[in-house]
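This briefing goes through the fold, the strand pairing and the backbone of one protein chain. The sequence and structure come first, and the notes follow by topic.

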Amino acid sequence: MAQAKKPIGVGDAGKANAKLEAAVKAKLDADAQPKAAQLTVSADVTRNAVTLTGSVSSEELRRRAVELARETQAGVLVNDRIVVKPRASSTGPARAKKFY
């Protein structure tokens, strides 16, 4: 008879937190854009929750990171503390020239 797979986070809370954090980080690192954002992941298995912090360049990338974190473990709650900071555009307003 096959043994049922335990959810991430069963056992010692400290080790379980580290395992859940590593699982979420691996999921984010498997996708090039979230990997480049270098988000911080912290876990609390007693609440079945992970927190994502850091900044990304777009709302789409923020949503993708949260989605990937949710896919890591069934029922995991994702606390989204990601800040969207759009990159500065090189096509911004031209600087005024001074004429003397």
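Ala43 stands opposite Val50 in strand 2. The coordinates behind this pairing are those of a predicted model. The protein holds three helices and three strands, and their order along the sequence is α-α-β-β-α-β.

**Overall figures**

- Of the 100 residues of the protein, 28% count as buried.
- The exposed area of the protein is about 7400 Å², and carbon and sulfur atoms supply 52% of it.
- Among contacts with a separation of 6 or more, 59% are between residues 24 or more positions apart.

**Strand 1 and its pairing with strand 2**

- Strand 1 covers residues 40-44, and its side chains alternate between two faces.
- Val41 and Ala43 point to one face and are buried.
- Thr40, Ser42 and Asp44 point to the other face and are not buried.
- Strand 2 covers residues 49-56 and pairs with strand 1 in the antiparallel sense, over five bridges.
- Both buried residues of strand 1, Val41 and Ala43, have a stated partner in strand 2: Leu52 is the bridge partner of Val41, and Val50 stands opposite Ala43.

**Strand 2, helix 3 and strand 3**

- Strand 3 covers residues 77-84 and runs parallel to strand 2, with eight bridges joining the two.
- Val50 of strand 2 stands opposite Val78 in strand 3; Val50 also stands opposite Ala43, which belongs to strand 1.
- Helix 3 (residues 59-72) forms a β-α-β unit with strand 2 and strand 3, and the unit is right-handed.

**Residues with positive phi**

- Gln38 is a residue other than glycine with a positive phi, near 50 degrees.
- Gln38 lies in the loop between helix 2 (32-37) and strand 1.
- The relative accessibility of Gln38 is 66%, so Gln38 counts as exposed.
- Asn48 also has a positive phi near 50 degrees and is likewise not a glycine.
- Asn48 sits in the loop between strand 1 and strand 2; the hairpin of these strands has four residues between them.
- Asn48 has a relative accessible area of 21% and is therefore partly exposed, since the buried class takes values under 20%.

Note on methods:
Residues numbered from 1 in each chain as written. Predicted model: local features only at pLDDT ≥ 70, side-chain atom pairs only at ≥ 80, totals over all residues. Heavy atoms only, no water. Buried < 20%, exposed > 50% of the residue type's maximum accessible area, 1.4 Å probe, protein only. Pairing = 2+ DSSP bridges. Right-handed = clockwise from strand over helix to strand, strands pointing away. Contact = heavy atoms within 4.5 Å. Areas by Shrake-Rupley, 256 points an atom, 1.4 Å probe, with all protein chains shown as cover.
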